[in-house]
Amino acid sequence: MKERIHEYCHRLHLPVMAERWSAMAEYAATHNIPYSEFLFRLLEAEIVEKQERSIQTLIKLSKLPYRKTIDTFDFNALPSVDERRIRELLTLSFIDRKENILFLGPPGIGKTHLAISIGMEAIARGYKTYFITAHDLVTQLRKADQEGKLEKKLRMFVKPTILIIDEMGYLKLDPNSAHYLFQVIARRYEHAPIILTSNKSFGEWGEIVGDSVLATAMLDRLLHHSIIFNLKGESYRLREKRLQQEKQKDQ
């Protein structure tokens, strides 16, 4: 009987139940646990394990460069950030509203950390999230275009529930690259949100993409339904260096 139960669990793709049912059945018998509760605990263990595997798969597919949550963000060091507004984003209500989130500000103040924190929360709730820098995005699209696979690659960037585009503006884009980026923005417009980080103000986007008309078209779609954060403060890298130097002086 045990062998048959084990076999049936595997045939039904229930590996946790196959592994634990015998020990849990013995525990239930010795502690007079009702059959319904025993079954509930067994099913719950299977579901919890599947959810965890699903989350780990989503994290791997997301290409997030590292895992960070909002709990490790130092709001005290960046008073320009409204913590209440940031935590409101973690409700993920912006997904249903198809709202983009834009973090603007100088390098090193935590824009990417905030974007990743939202991405991690979305993944924890089962939403597909994908992270890529603006430079890598246009590089991949250019390569796909040269190979005759542009449409397939564009669909890849449209498919995730959340697309995080990091470091917009760190490098200028040539006209073709700018058009690739525009296609991604246009296809996700009013379909699925983009979280974008940039060290440039909107007024500088014409210079970034080398075409003020195209920059206006991009911003028109990004900003129509959007939540914008203009972050100000000292780079955490410079802050850590300054604090270290001050500490050395005190010694």
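Start with the helix pair α8 and α9, which sit oblique to each other in this predicted model. Select residues 150-158 for α8 and 175-188 for α9: their axes come within 10 Å and cross at roughly 50 degrees. That angle falls outside the 65 to 115 degrees that would count as roughly perpendicular and is not under 35 degrees either, so the pair is called oblique. Turn the view to look along the crossing, and you'll see α8 pass α9 in a right-handed way.

Now show side chains. On the α8 side, pick Leu150, Glu151, Leu154, Phe157 and Val158; they meet Tyr180, Gln183, Val184, Arg187 and Arg188 of α9. Colour this contact by class and you get six nonpolar residues, one polar and three charged.

Next stop: the largest nonpolar core, which has 31 residues. Which of its residues touch the most other members? Select Ile86, Phe94, Phe103, Ile118 and Ile195. To see where the core comes from, highlight α3 (35-62), α4 (83-89), α5 (93-96), β1 (100-104), α6 (111-124), β3 (162-168) and β5 (226-230), each of which supplies at least two residues. Linger on α6, as it gives the most, with seven residues.

Zoom in on Phe94. Leaving aside neighbours within four places in sequence, Phe94 is in contact with Leu89, Glu99, Ile101, Ile118, Ile162, Pro193, Ile195 and Ile227.

Last, move to another core, which lies apart from that one and has 30 residues. Select Ile132, Leu141, Ile185 and Leu219, which are among them.

Terms used: Residues numbered from 1 in each chain as written. Predicted model: local features only at pLDDT ≥ 70, side-chain atom pairs only at ≥ 80, totals over all residues. Heavy atoms only, no water. Axes fitted to C-alpha atoms, helices over the stretch in contact; angles between N-to-C directions. Helix = DSSP H or I, 4+ residues; strand = E, 2+ residues; numbered from the N terminus. Parallel < 35°, antiparallel > 145°, perpendicular 65-115°, else oblique. Left-handed = near helix turned anticlockwise from the far one by under 90°. Contact = heavy atoms within 4.5 Å. Nonpolar A, V, L, I, M, F, W, Y, C, P; charged D, E, K, R; others polar. Core = buried A, V, L, I, M, F, W, Y, C linked by side-chain atoms within 4.5 Å. Buried < 20%, exposed > 50% of the residue type's maximum accessible area, 1.4 Å probe, protein only.
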